[in-house]
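Trainee: I'd like to learn how to read strands, helix contacts and burial in a model. Could you walk me through one?

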Amino acid sequence: MMKIVIFDRNQGVGEPQRYDPAMNDAAIENLIRKYDRPVPRYTSYPTAVQFTQTPSWEAHKALIHRLDPSEPVSIYIHIPFCHSLCHYCGCHTRIVGRYGPVSEYIATLTQEIALFSSTAKKRHSASRIHFGGGSPNLASTEDLEKIMLALGRAFHIPPEAQIDMECDPRLLSEEKIRALALMGIRRVSLGVQDFDPNVQGAINRIQPFEQVKNCVDNLRRHGIENINFDLITGLPLQTLETVEATLEKTLSLSPDRIAVFAYAHVPWMKKHQHLLEKFPRPDALTRYKMSELVREMLCHNGFTDIGIDHYAQNTDSLALAQQAGQLRRNFQGYTDDTATTLIGFGLSSISQYADAYIQNTTDAPAYRKAIAEGRIPSARSCYLTEQDQSRRALIERIMCDFEADLSNYRGIETPLESLTELLQDGLITLSHRKRIIRITEKGRPFVRLVAACFDQYLNQAELRHARAV
Ligand code: SF4
């Protein structure tokens, strides 16, 4: 068990080390106000709002045919069902009171996997399989086994392939954990969000600390040693003190990785988020201080900060990938996955090919119809030009390394006009004839704004994204 460094309240808990110690609250508020604009999270480039073309099945098949047989692929399985709605939810999911729809969906999903297999020219090797949702552990053991069987028929899955699953602790019995371990799952991400009972009540997600601790103990007992926690800051009723208490409890359970996402309040897209508006939510300065608190507490307790919202124990493969300059960013956030092709299965899932993104439909009847007709149910796509591919690589490095040498990316000029303000405010430096860009400590929380300076599509789409900080 790691030793937890507890903050001394008399020395000012809630006033943790600044990203830039010279800055006071007023200076931070000015920066936040100045840069409070919608910016993508850059889990892809171009971002999903640019997936506007409707791909033909012939075009999609051509992408599958062109896959390099010597390169392993990464697989994403989307299970879009939950048993209860968290009021902050921004995911594509459906709340179900009975199991029938889940079972029917998984039957179609396994047909989609078989369809991919019959379309591909070769049985490709899979280096990773990620189950996301929704709550994938809502699926029965039998149904999860059916998916694994379908994947085993469609792909070569070597013993070292990493299989991981996002899990809702409220649905994670010891029996289910035993089954997951037998299926080969070795990493589980637990949706924790916050341990404070009042915050849990406000967001409609009650899961006491003991319940999560029980899950962690059972996962380890059954050999699932790699455990991630997902937390959220910026939720209703959260204060610096409640976030600190949540972090202390989190550290007491020694997860390997912790993702701390900033809550995105987008009720115009997710209507149920209006339900949170009856509670006070932390203001922008407090949210900024929460991110400082998280960083200081975790980095004092054996974690490395990875990018903008991930933390990993110093010996974890994600921290090692970062040290080696091999950190990647994909739809699941920061990753050490080296596969360049991602094949997504299920409603709304996205596949990433060398020069294209293809997204499945989000419409359940259309999904079933396409599969019945022998087509993968793709609905939106985006083909990348050479310039897009160059910008994608650059933006990934900025988001992962907080620096980049623009000379390594063909056809990209230094966007001096858009960088000038960031330079004047000390958020970045430019050197070597203004070709090497570095994000300063003070600029780290604003890294998405820096990446946005290289986004050729932003103006058309900017109003649909979350805030920059
Ligand atoms: S468990 Fe996750 S996907 Fe399901 S409703 Fe809650 S936040 Fe949304």
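Trainee: Let's start with a pairing, then. Which residue in β16 is the bridge partner of Ile358?

Mentor: Keep in mind that we're looking at a predicted model. The general idea is that strands of a sheet pair through backbone hydrogen bonds, either parallel or antiparallel. Here, the partner of Ile358 in β16 is Ser381. That's one spot in a longer pairing: β15 (residues 356-360) and β16 (residues 378-383) run antiparallel and are joined by five bridges.

Trainee: And which residue is Ile358 the bridge partner of when we look towards β14?

Mentor: That would be Ser351, whose bridge partner in β15 is Ile358. β14 (residues 350-353) runs antiparallel to β15, with four bridges between them.

Trainee: How many residues does the hairpin from β14 to β15 pass through?

Mentor: Two residues: the hairpin joins β14 to β15 through them.

Trainee: What about parallel pairing? Which strands run parallel to β4?

Mentor: Take β1 (residues 73-79): seven bridges join it to β4, and the two run parallel. To find the register, look up a pair, such as Ile79, whose bridge partner in β4 is Gly133. Then there's β5 (residues 162-167), which pairs with β4 in the parallel sense over four bridges. In that pairing, Arg128 stands opposite Gln162 of β5.

Trainee: Is β4 buried or exposed?

Mentor: For this you count neighbours: a residue is buried if 20 or more other C-beta atoms lie within 10 Å of its own. In β4 (residues 126-133), eight of the eight residues are buried, so the strand is largely enclosed by the rest of the structure.

Trainee: Now a single residue. Where does Gln313 lie, and how does it score on that count?

Mentor: Gln313 lies in strand β10 (residues 310-313). It has 19 other C-beta atoms within 10 Å, so it is partly exposed. Leaving out residues up to four places away in sequence, Gln313 touches Asp256, Gly302, Phe303 and Ala319. You can also set sequence separation beside distance in space: Gln313 and Asn214 are 99 residues apart along the chain, and their C-alpha atoms are separated by 21 Å.

Trainee: What is the strand order in the open sheet of three strands?

Mentor: The order is β17-β19-β18, with antiparallel pairing. To spot the edges, look for strands that pair on one side only: β17 (403-405) and β18 (428-431) do that here. From one strand to the next, the twist averages 10°. For a piece of the register, β17 and β19 (residues 436-439) run antiparallel with three bridges, and the bridge partner of Glu403 in β19 is Arg438.

Trainee: Last one, helices. At what angle do the axes of α3 and α11 cross?

Mentor: Roughly 45°, and the axes of α3 (residues 100-119) and α11 (residues 364-372) come within 10 Å. That angle is why we call α3 oblique to α11. For handedness, α3 passes α11 in a left-handed crossing. Thr108, Gln111, Glu112 and Leu115 make the contact from α3, and Tyr367, Arg368 and Ile371 make it from α11.

Trainee: Which classes do those contact residues fall into?

Mentor: It's a mix: the contact of α3 with α11 has three nonpolar, two polar and two charged residues.

Note on methods: Residues numbered from 1 in each chain as written. Predicted model: local features only at pLDDT ≥ 70, side-chain atom pairs only at ≥ 80, totals over all residues. Axes fitted to C-alpha atoms, helices over the stretch in contact; angles between N-to-C directions. Parallel < 35°, antiparallel > 145°, perpendicular 65-115°, else oblique. Left-handed = near helix turned anticlockwise from the far one by under 90°. Contact = placed C-beta atoms within 7 Å. Nonpolar A, V, L, I, M, F, W, Y, C, P; charged D, E, K, R; others polar. Buried ≥ 20, exposed ≤ 12 C-beta atoms within 10 Å, placed from the backbone. Pairing = 2+ DSSP bridges.
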